[in-house]
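Me: I have a model open and would like to know what stands behind the labels people attach to it. Could you walk me through a few of them?

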Amino acid sequence: VNNCGLQLVIQTSSIPEKTKPFEFRINKEQSSFHNRLLQHDLEKNYSGRQDNTNFGSSSSITFPVLQRTAEEKILNSDRLSLERQKLTVCPIIDGEDHLRLLNFQHNFITRIQNISNLHHLVFLDLYDNQIEEISGVSTLRSLRVLLLGKNRIKKISNLENLKNLDVLDLHGNQIAKIENIGHLSELRVLNLARNLLTVVENLNGLNSLTELNLRHNQVSAIKDVDTLPCLQRLFLSFNNISSFEDILCLADSSSLSDITLDGNPIAQETWYKHTVLHHMMQLRQLDMKRITEEERRMASIAARKEEERKRESHKQTLLKEKKRLTIGNIARQWEIQQNRIALEASLNKDKENEPCQINGSAAYVFPEESRSLDTILSSAVQGLSVLESHLVEVEGDTLGLYGAGALECLDRNWSVQTAAIIATVSFMFIEFDEIVQVLVKLKTKFPNCVHLKFKETNLVTLQQFSALAEMHRMEQLTVDPQGNPVVNFALWKYYVLFRLNHFNLQKINGVKITENDIVKAERLFGILAYVASSELPHYRMLSLFGESRKKQFHYLLEGKGKKSGVGSEESSDNRRSGGESTARAMLNYMTKDFHMEKLEEIKERKTFCQTYVENLVKEAADINMKNESLQKLWPQMFIELVRDAVIEIRNKNSYMKLCLQRITDQKQ
């Protein structure tokens with residue numbers, strides 16, 4: 001027995017019972033456990049571990065037996081401290097069934113054992129040991145405080161019988177998930193700081209919890225906190241919370257008064273404090289700082305502005321997504337349309353030709369197959385018709401038209417301000433022939449339009465660019481290679497420069513036009529315009545011009561201008577006046593529909609002329625037949641006329657009377 005009256009007796013199977021027991025003195029004064037019970041933030045600076053001195057050998061488990069003198073039991077009847085005693089196991093505590101407070105701080109204990117007989121134990125402190133599993137406490141039904149901070153525990157378990165637990169400290173362990181604590185309805189303080197938690201969950205049933213410490217984890221989302229009716233203090237400092245949506249459930253907690261979020265990515269945002277205070281009006285402290293009424297008012301104003309900004313941002317996001325889906329749908333419909341056209345062309349070609357050879361064998365295209373493919377394409381289009389089939393978008397000074405239906409927007413009543421700012425018109429997934437038909441409307445609706453863009457418009461021939469001459473003016477032209485095979489022609493830019501020379505184009509596909517480009521274009525295509533104008537009949541030329549251009553053309557025909565240099569003078573004059581030259585006007589473009597209309601018109605004229613000529617021939621034949629008949633009948637007719645006349649004037653007096661009578665009858 002030492003001076004303090006505390007004696008530890010170590011017994012093993014290899015030590016005889018009569019061997020003198022090993023004794024040591026506990027020099028440290030008993031610590032105040034009641035103060036620790038009231039301290040809710042149980043984190044502290046980790047102290048260095050002392051050298052491990054084992055009791056007993058590795059081959060056999062050694063349990064020290066603790067015995068206290070009667071005097072010591074009287075002085076500290078309900079508490080016992082074995083702090084910093086280099087213990088590797090819990091000693092056997094003999095004759096201490098009445099203990100209420102037990103302290104094993106700062107030892108090297110790996111397992112909780114030999115305390116199951118302490119049924120009256122209320123406070124158990126095993127801070128800073130090497131415990132890997134919660135065990136050996138199932139019989140301690142009276143336990144109110146369990147301190148297991150700074151150990152090696154990986155899982156919360158074996159707490160089923162500790163229904164009276166008031167404080168549970170598990171900070172500084174390796175716990176990755178909150179679990180198996182829903183039955184602790186009396187628990188008021190839970191410390192899980194400095195663990196490996198990523199999600200806060202499974203807190204249902206902790207109806208008495210007032211303080212929850214989750215500092216220094218990896219938490220990125222919080223659940224179930226709003227179900228805790230008594231929670232007042234929540235410590236979330238130094239985690240991975242990056243948005244308010246991650247902690248949205250905190251706004252539904254009516255009891256929460258103190259919260260810390262410093263050290264999280266969310267705390268770096270400018271809107272952080274205002275948003276938190278606006279959604280958690282019941283808070284008294286944020287990040288350990290008291291909240292004033294002025295801060296609440298400012299937070300409410302700032303939060304409303306932030307909400308408006310978020311709503312607008314969300315609206316823009318939805319619009320962008322709708323635009324993306326609509327354009328995708330238009331692109332799919334365009335692709336289906338192009339496939340159908342290609343399929344029809346292929347079928348028509350196959351009908352004209354002999355059966356094609358595939359891998360040495362004859363392959364025929366049956367009508368049933370073509371119908372089935374057409375059915376498939378039609379069903380695909382119907383499936384996509386749920387989305388919009390066209391899109392009209394004004395972004396800055398650019399008007400974007402997607403899909404053929406978008407051309408109908410040119411019939412709308414555009415405001416003067418909107419129409420005036422449009423400088424660029426972009427066409428996508430629209431047949432160029434359909435665009436040609438609205439160019440006149442385009443230049444009327446948007447007088448300041450100087451830039452046209454074409455993508456997926458089936459520009460396949462150089463002649464199609466001639467249709468753009470109808471525009472009022474143009475400074476830039478952009479033709480995307482996608483869906484426009486004409487771009488593969490090496491000289492397409494020079495043809496555009498030549499044909500649209502009167503526009504003074506500045507850029508084509510973003511590349512600036514130089515004088516050398518213009519000269520080269522004239523050399524390449526000047527002769528083409530001359531041939532077109534010289535070979536075309538005059539009446540056809542006049543039909544292409546308006547009144548002013550007709551006068552100009554008559555002027556040229558009359559030879560009032562010099563033959564040499566007329567083209568260059570005319571070109572320069574037209575470029576200055578903004579009009580196109582007569583020769584270039586011959587290089588016009590006729591759309592497929594217009595060409596078909598012309599063919600129909602020619603056919604109708606041909607039919608009319610044929611009918612008219614047939615009628616003339618028939619009438620002439622009838623006249624000739626009548627003439628021939630007259631020639632045959634005339635001699636006999638003449639003889640009869642002479643005979644009748646001789647007979648009538650044979651009796652002169654009678655004939656005179658008859659004539660007078662006829663005259664009298666006519667006068668009456």
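Reply: Gladly! Let's begin in the loop between β5 (101-103) and β6 (123-125), where histidine 106 sits. Please keep in mind that this is a predicted model.

Me: Why is histidine 106 called buried?

Reply: The relative accessible area of histidine 106 is 13%. Buried means under 20%, so histidine 106 with its 13% qualifies. Its backbone deserves a look too: phi is near 55°, a positive value in a residue other than glycine.

Me: What makes methionine 288 count as exposed?

Reply: Methionine 288 has 54% relative accessibility. The label exposed asks for over 50%, so methionine 288 earns it. This residue lies in the loop between β15 (285-286) and β16 (289-290), and it has a positive phi of about 65° although it is not a glycine.

Me: How do you know that valine 145 is buried?

Reply: Again by setting the value against the cut-off. Valine 145 has a relative accessible area of 2%, and the limit for buried is under 20%, so the label holds. Valine 145 belongs to strand β7 (residues 145-147). Its C-alpha atom is 6.2 Å from that of leucine 124, although the two are 21 residues apart along the chain.

Me: And what makes β19 and β20 a pair of strands?

Reply: Pairing requires at least two bridges found by DSSP. Strand β19 (residues 391-395) and strand β20 (residues 398-402) are joined by 5 bridges, so they pair, and they run antiparallel. Leucine 391 stands opposite tyrosine 402 in β20. The two strands form a hairpin with 2 residues between them, and in the turn glycine 396 has a positive phi of about 70°.

Me: Why does serine 426 count as buried?

Reply: Serine 426 has a relative accessibility of 14%; since buried means under 20%, the label fits. Serine 426 lies in strand β21 (residues 424-428). Leaving aside residues up to four places away in sequence, serine 426 touches Leu399, Gly400, Leu401 and Lys453.

Me: One more: where does the name "coiled-coil region" come from?

Reply: That name is a UniProt annotation from an unreviewed entry, and it covers residues 291-324. Such annotations may be inferred rather than shown by experiment. In the model, residues 291-324 are 94% helix and 0% strand, with the end C-alpha atoms 45 Å apart.

Terms used:
Residues are numbered from 1 along each chain as its sequence is written. This is a predicted model: local features need pLDDT of at least 70, side-chain atom pairs count only at pLDDT 80 or more; totals for chains, interfaces and linings use all residues. Side-chain values use heavy atoms; hydrogens and water are left out. Helices (H or I, at least four residues) and strands (E, at least two) are DSSP runs, numbered from the N terminus. Buried means under 20% relative accessible area, exposed over 50%, partly exposed in between (1.4 Å probe, protein chains only). Contact means heavy atoms within 4.5 Å.
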